[in-house]
Amino acid sequence: MSSFKDKAKGNWNEIKGKIKEEYAEVTEDDLLFEEAQEDQLIGIIQKKTGKAKEEVKSFIDSL
């Protein structure tokens, strides 16, 4: 998940926008990111979208 952490630190606003475009069910409040909570964030996206964890991680890593 270090790729996610690196991306989140540098480009979080851009990443949030792309996540919201891909997963319309995810709200701004869902995307309040704090360091060391990436698993929790992925879980929220999973729950809202019904996507598999690996699919969500893969999407974020591709950004």
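The following exercises, with worked solutions, concern a predicted model of a protein chain.

Residues are numbered from 1 along each chain as its sequence is written. Local features need pLDDT of at least 70 and side-chain atom pairs count only at pLDDT 80 or more, while totals for chains, interfaces and linings use all residues, and side-chain values use heavy atoms, with hydrogens and water left out.

**Exercise 1. Fold and confidence**

Task: State the secondary structure of the protein chain and find which element has the lowest mean pLDDT and which the highest.

Solution.
1. Elements are DSSP runs numbered from the N terminus: helices are H or I runs of at least four residues, strands are E runs of at least two.
2. The chain has three helices and zero strands, in the order α-α-α from the N terminus.
3. The predictor's confidence in each residue is pLDDT, on a scale from 0 to 100. Its average over the chain is 82, and 78% of the residues score at least 70.
4. By element, H1 has the lowest mean, 77, and H2 the highest, 89.
5. A contact means heavy atoms within 4.5 Å. Of the contacts between residues at least 6 apart in sequence, 48% join residues at least 24 apart.

**Exercise 2. Helix H2**

Task: Compare the expected span of H2 with the distance between its end C-alpha atoms, then locate its buried residues.

Solution.
1. The expected span is 1.5 Å times one less than the number of residues. For the 12 residues of H2 this gives 16 Å, and the end C-alpha atoms are 16 Å apart, which agrees.
2. Burial is set by relative accessible area: buried is under 20%, exposed over 50%, and partly exposed in between, with a 1.4 Å probe and protein chains only.
3. The buried residues of H2 are Glu38, Leu41, Ile42, Ile45 and Thr49. These cover an arc of only 100° around the axis, so they are on the same side of H2; the arc is that of the directions from the helix axis to the C-beta atoms.
4. The general background is that an α-helix has 3.6 residues a turn, so residues three or four places apart point the same way.
5. Just after H2, Gly50 takes a positive phi of about 80°.
6. Lys48 is also in H2, and at 37% relative accessibility this residue is partly exposed. Not counting residues up to four places away in sequence, Lys48 touches Glu25, Val26, Thr27 and Asp30. Lys48 and Asp30 are 18 residues apart in sequence and 9.3 Å apart in space, C-alpha to C-alpha.

**Exercise 3. Helix H3 and the core**

Task: Determine how the buried residues of H3 are arranged and which elements give two or more residues to the largest nonpolar core.

Solution.
1. In H3 (residues 53–62), Val56, Lys57, Phe59 and Ile60 are buried. Viewed down the axis they fall within an arc of 160°, so they line one face of the helix.
2. Exposed residues Glu54 and Ser62 sit on the face of H3 turned away from the buried side.
3. A nonpolar core is a set of buried Ala, Val, Leu, Ile, Met, Phe, Trp, Tyr and Cys residues joined through side-chain atoms within 4.5 Å.
4. The largest such core has 12 residues, among them Trp12, Ile15, Leu31, Leu41, Val56 and Phe59. H1, H2 (38–49) and H3 each give two or more residues to this core.
5. Over the whole chain of 63 residues, 32% are buried.

**Exercise 4. Salt bridges**

Task: Give the number of salt bridges in the whole structure and describe those of Lys18, Lys20 and Glu55.

Solution.
1. A salt bridge requires a side-chain nitrogen of Lys or Arg within 4 Å of a carboxyl oxygen of Asp or Glu. The search of the whole structure finds six.
2. Three of them are tabulated, with the separation of the closest N and O atoms.

| Pair | N to O |
|---|---|
| Lys18 and Glu14 | 3.2 Å |
| Lys20 and Glu28 | 2.5 Å |
| Glu55 and Lys51 | 3.9 Å |

3. Lys18 and Glu14 both lie in H1, four residues apart, about one turn of the helix. Lys18 is partly exposed at 32%, as is Glu14 at 47%.
4. Lys20, at 32%, is partly exposed, and Glu28 is partly exposed at 37%.
5. Salt bridges link Lys16, Lys20 and Glu28 in a network. Lys16 lies in H1 (residues 2–22) and counts as buried because its relative accessibility is 14%. Beyond its neighbours within four places in sequence, Lys16 contacts Glu28 and Leu31.
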